[in-house]
Amino acid sequence: MTTSIHVTALDSVVNVNSLFTLAVFIGLAWNPYDPSNTLVDPNSRCAPTSKIAEDLIKFHVYSFSSFLFSSLVALAIKQAIKLSKSHTFNIHVTFRGSEFLEHVDVNKTLLRVGMVVSGAGSVAGCVFLMLALVNVVQIKVGTLACGSGHAFAAVVPLVILVPLALLIYVCVGLYAFTR
């Protein structure tokens with residue numbers, strides 16, 4: 001089994017999760033209770049409630065924990081691959097004179113389970129981050145419950161494109177496991 005591809009994929013998962021985790025930290029640093037953070041009149045029927053601000057914080061924390069979980073699983077798998085390299089016979093194949101592929105004996109089932117679990121953590125983190133962004137929109141431009149056109153204009157593309165991208169991510173990941 002070619003592990004350099006798996007290590008590259010795991011590196012990518014960790015890098016993307018790091019960017020999302022940074023976004024979550026920036027979101028957590030923002031104070032949703034500050035009245036200057038909204039474009040909605042506080043006395044309006046479209047003013048956000050404290051529940052929306054609480055949900056924003058909860059979804060940020062859930063997102064952070066999901067991305068952290070996914071990254072830690074990916075790093076653990078990478079470490080296991082590196083440890084198995086030191087205890088098994090490596091085969092180096094020259095490819096076009098400059099690249100080489102490393103083959104290591106690893107438990108395919110555990111590798112696949114770990115990668116699926118790591119991917120599931122990333123997907124959960126993206127879903128929670130999307131829900132947090134929906135709450136940011138509601139705090140900034142008005143709640144969806146009052147029919148704010150600006151809120152719908154911001155949220156509709158978000159709730160269409162993010163799940164579509166996650167569906168593509170999951171389908172490509174599952175396709176890779178069947179090959």
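**View 1. Burial of Ser148 in the predicted model.** In this predicted model, Ser148 has a relative accessible area of 9% and is therefore classed as buried, since that value falls under 20%. The residue is placed in the loop that runs between helix α3, residues 108-141, and helix α4, residues 149-178.

**View 2. Surroundings of the Ser148 side chain.** A polar atom of the Ser148 side chain is found 3.2 Å from the backbone oxygen of Val141. When neighbours within four places in sequence are set aside, the residues in contact with Ser148 are Val141, Gly142 and Thr143, so that Val141 appears both in this contact list and as the owner of the backbone oxygen in the 3.2 Å pair.

**View 3. Two spans from the UniProt annotation.** The unreviewed UniProt entry lists residues 12-30, 59-77, 110-134 and 154-177 under "transmembrane region". Among them, the span 59-77 is 100% helix and 0% strand in the model, with its end C-alpha atoms 27 Å apart. The span 110-134 is likewise 100% helix and 0% strand, and here the end C-alpha atoms are separated by 36 Å.

**View 4. A nonpolar surface patch that includes Leu161.** Phe152, Val156, Val159, Ile160, Leu161, Leu164, Leu167, Ile168 and Val172 together make a nonpolar patch of about 800 Å² on the surface. Leu161, one of these residues, is located in helix α4 and has a relative accessible area of 54%, which means that Leu161 counts as exposed, the cut-off being over 50%.

Conventions: Residues numbered from 1 in each chain as written. Predicted model: local features only at pLDDT ≥ 70, side-chain atom pairs only at ≥ 80, totals over all residues. Heavy atoms only, no water. Helix = DSSP H or I, 4+ residues; strand = E, 2+ residues; numbered from the N terminus. Buried < 20%, exposed > 50% of the residue type's maximum accessible area, 1.4 Å probe, protein only. Polar contact = N/O pair within 3.5 Å; in protein donor to acceptor, adjacent residues only side chain to side chain. Contact = heavy atoms within 4.5 Å. UniProt positions renumbered as here; feature names shortened; annotations may be inferred. Patch = residues over 30% accessible without salt bridge, like charges linked within 9 Å, V, L, I, M, F, W, Y side chains within 5 Å. Areas by Shrake-Rupley, 256 points an atom, 1.4 Å probe, with all protein chains shown as cover. Salt bridge = Lys/Arg side-chain N within 4 Å of Asp/Glu carboxyl O.
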